Amino acid sequence: MNLSFRSKLLGLVATAGFALAALVLASAIIARRVEGHLDDIRKHYLPKVGLRPQLQGQFERIQRGFQDAVAASDTEKLGGIVELKKEFLQQLAASSDAVEPGLAASLERAIEDFHAQALVVSKQLIAGETGESVVAKMSEMQARQTRVAELLDKATVFDKTDLTKAFSATAEAQRFGTQLRLALGIASLVLVFLLSLWISRDMLRGMASLTAGFSRFGKGDFRGAIPVVSRDELGDLARQANQMAQSLQRLESERSRIDWLKTAQSALSEQLRGELAPRQVAERAVSMLCRYLECPVGALYSLDADGALGLLGKYALSPDDGVQSFRLGEGLVGQAALQSEIMVVDAPEGQLRVTSALAAGSPRSIALVPLLRIGKVTGVLELASLQPWNAAATELLASVRETLAIALEGARSRAELRALLAKTQRQAEELTRAGAYKSQFLANMSHELRTPLNAILGFTQLLHEGEVGPLTDQQRDFLGNVLTSSRHLLRLINDVLDLAKVESGKLDFRPESIDLAQVTGEVGAILRTTASEKQVRVEMAIDPAIGRVVLDPARLKQVLYNYLSNALKFTPAGSVVTVRAVPEGADFFRIEVHDTGDGIQPEELPRLFVEFQQLDAGAAKKHAGTGLGLALTKRIVEAQGGTVGVRSTPGAGSVFHAVLPRRMKGEPLPAMPGPIVTLNPGAPTILVVEDNASDQASIVGALTRAGYSVQTAATGAQALARLRESDFDAITLDLLLPDMSGVDLLDQVRTESRNADVPVIVLTVVAEKGAVAGFRVSDVLAKPLDAHALLNALRRAGVSPQRHGAVLVVDDDEGCLKLMEATLARSGYETICRQDVEAALQAAAESSLIAVVLDLIMPRLDGFEFLERFRMTEAGRSTPVIVWTVKDLTKHDQARLRQTAQAVVMKGNNGAAALLRELDAFLPRRQVSE
């Protein structure tokens, strides 16, 4: 019989349930029999035990009730006896189960008869009647009383023998029930035990088989199946386990196959890694696949631009065995290139011999694999095998052929890219050389244009000031026009060169902390004459909330100058031009120049800020200009991270604006030490400009101990603010400040009227007097600070030695030499003029010099070469050098100059006057001899 394990368990449970039900049922039947016996005892025997005294007591109360009524001669009490009778009858009725119905009826009638007769007799006695009739009725009443007593005894008495039999029957029923339950329980246990043995035998045998089978499966042994020893669930589990083993065996085979494929793919990818040439890719790929597939020979053909399949890589082929190229459709290789499927053919006998030092043989099969890339054949891989070809090898080649095609295409692309890169590099080098040529051309143009302009401006200035003789008013006007035109031409040249530098990314910015109101005022002062001539009032409205900004002051002035000069140009006489500056967020501010001219038509606005475009261009234009000013302004502002724009109302005027950052993008300033103030009443006050906290503390300590009052500044901006607020007796200065160079700070100090003549002691890492000797510096000290040397320098600070000698002027332009000679002679200086470096160095060696004025651009050897050689001489180490040049100085140029020159003065507008100011800064002015 085929029973499942579940059926067996259900049978076992059903058997146990049946046995339990039988026990329960037998117990219930027996309990009912026992309960019946007990109920019979309770109904028939137990009530009689307490009923007899109760009924007798009730009957005696009835009797006493009649007696008491007669004795009291009270007929009303006779009514209470009726209630006693009812109670007797109710109690008798309640005990109907204990009293036989017949006896109960007889007793009830006897009580009624007795009560009726006793009631009559009691009434007669209460009425006082006597006689025979009363006695007869009393006798009858007593007879009825006796009858009630007899019936009461008969109704309430019970037979002890019957009671004993009833208890015996009950005990017998209980004994029978116990025996029956015991028998049923034992039978149930035996049956359940037998069923359990039957079920567990099959289960344990099946579990043993499953355990042994799963143990083998766990070790990877799927060869033997688990025997099916039963037809229950364990048998089903064994069959399913066998099916699982078969599936696992198939999966293991599939996994091994996939691992074999992935290993090959990974090995091929590893071989193709790196910057390989196409031939290297082909050689590595063929070699790896031949080794992996145990193919003795192989070749790879690549499709070239001419449609031919050329041999690109091979493995174990002798030079005579392989065909170098195939046309499409030619041979098996050419035919394979015309289809996308892998072709496997049997190798013809004797056509190809595979040889080694020990053996030789012929391949049995040849596989031809078209290499596909986006559905296009780019080459063919050919492999020969000594064994019959198998499907796994075909699957492997199908999985890697696109990878190989991509690698070949990438290698070809890299080769083409290298060639293109080499070509591009050559072109870049040519462009670099062209850029260098352009930069050199611009430098030469700057030199060639500015040099004659410099002579024109210089000599015209001398003539205009009457230095070569008196002038008539007309001559003075003519010379003034020449000066104005020359300066205009110089500005135009500067704008063109600046625009070229912006386009080439060579425009340098030198940001520093500046006062926006001060810079705006300086630009307004420059254009004050133009505004006065045009009768235009210029109003400034600078919001104090902007505070100080960190920008290139020269470039900011250039932007303001272009905007303001443009506004003055187009504003009619009697009108107002307003310059406003307001905050623009937390990091920017906006400058607006508002004119009240004719305004600009909306369609004309896009032409603004475009190079060489003017709104009134043409022969009939009303205003001068080249159209470079606004374009250059836009480039300068955007190079600093800002924006420009314009809004205009025709007939009402225009508003040009520039939004600039409050701080140019760059490295943030480091944390500066806080200001220190030490007061010593009556003592000289020293301003210490030093950003390094330890050095600052050292200097302050030394000065304080020496009895000086000291104030400190950590930046150039803080120093300028202190100098504008207070008077100082001396300044100590570090050249390397975070917001500006010490050289720039000294320049601004000397232009400040309040502390312009205060002695300055420079503290620098390199104790080279040439670094800042162009300014009135009392001494140069090296770090770390020597307190004794500092105090001695301060004591010497108020004395300047008289110097004797000539000023050497080095310039290749003869006109510039004549101009400089005339200018210096006016101021009482003796001059030596030379046109080349070698002659200048010889003159420096032969003469006593007090200063050198130097041009940087000269033929053969330039000004830098002169400086390097001049500083190596004994006299050159301490002689101030002033660079007077038209060269646009780069940051590198300025770094070199700061190590050698004393000041830098640009040629051009007011260049001679600036030169005199620099000479006056460290040389005593000599009087012109009469």
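**Figure 1. Overview of the predicted model.** The secondary structure of the protein chain comprises 24 helices and 26 strands. The coordinates belong to a predicted model. Of the 930 residues in the protein chain, 41% are buried. Among contacts with a separation of 6 or more, 67% link residues 24 or more positions apart.

**Figure 2. Pairing of strand β12 with β10 and β13.** Strand β12 (residues 576–584) is joined to strand β10 (residues 537–542) by six bridges in the parallel sense. Within this pairing, R580 of β12 is the bridge partner of A541. Strand β13 (residues 588–595) runs antiparallel to β12, and seven bridges connect the two. E584 lies opposite F588 of β13. Three residues separate the strands in the hairpin of β12 and β13, where G585 adopts a positive phi near 80 degrees. In general, the strands of a sheet pair through backbone hydrogen bonds, in either a parallel or an antiparallel manner.

**Figure 3. The largest nonpolar core.** This core contains 36 residues, and L551, L556, Y563, L564 and F589 have the most contacts inside it. At least two residues each are supplied by α12 (516–526), β11 (548–551), α14 (553–570), β12, β13, α15 (629–639) and β15 (653–661). Helix α14 provides the largest share, seven residues. With residues up to four places away in sequence left out, L556 touches I514, L516, V519, L551, I591 and L660. A second core, separate from this one, has 31 residues, including L300, L312, A393 and A407.

**Figure 4. Packing of helices α14 and α15.** The two helices pack at an angle of about 150 degrees, and their axes lie 10 Å apart. The crossing of α14 past α15 is left-handed. On the α14 side, the contact is formed by R555, Q558, V559, N562, Y563 and N566. On the α15 side, G629, L630, L632, T633, I636 and V637 take part. Y563 of α14 thus appears in this contact and is also listed among the residues with the most contacts inside the largest nonpolar core.

**Figure 5. The six-stranded open sheet and helix α8.** The strands follow the order β3-β2-β1-β8-β7-β4, with antiparallel pairing. Strands β3 (325–327) and β4 (343–346) form the edges, each pairing on one side only. On average, and with direction ignored, neighbouring strands of the sheet are turned by 20 degrees against each other. At the β3 edge, three bridges join β3 to strand β2 (residues 308–315) in the antiparallel sense. One residue pair here is L309 with its bridge partner F326 in β3. Helix α8 (residues 278–292) packs on the sheet and touches β1 (297–303), β2 and β8 (376–385). The direction of α8 makes about 55 degrees with that of β2.

**Figure 6. The buried face of helix α22.** In helix α22 (residues 863–870), the buried residues are G863, F864, F866, L867 and F870. Viewed down the axis of α22, these buried residues fall within an arc of 160 degrees, so they line one face of the helix. In an α-helix, with 3.6 residues a turn, residues three or four places apart point the same way.

Definitions and conventions:
Residues numbered from 1 in each chain as written. Predicted model: local features only at pLDDT ≥ 70, side-chain atom pairs only at ≥ 80, totals over all residues. Heavy atoms only, no water. Pairing = 2+ DSSP bridges. Helix = DSSP H or I, 4+ residues; strand = E, 2+ residues; numbered from the N terminus. Core = buried A, V, L, I, M, F, W, Y, C linked by side-chain atoms within 4.5 Å. Buried < 20%, exposed > 50% of the residue type's maximum accessible area, 1.4 Å probe, protein only. Contact = heavy atoms within 4.5 Å. Axes fitted to C-alpha atoms, helices over the stretch in contact; angles between N-to-C directions. Arc of directions from axis to C-beta. Left-handed = near helix turned anticlockwise from the far one by under 90°.
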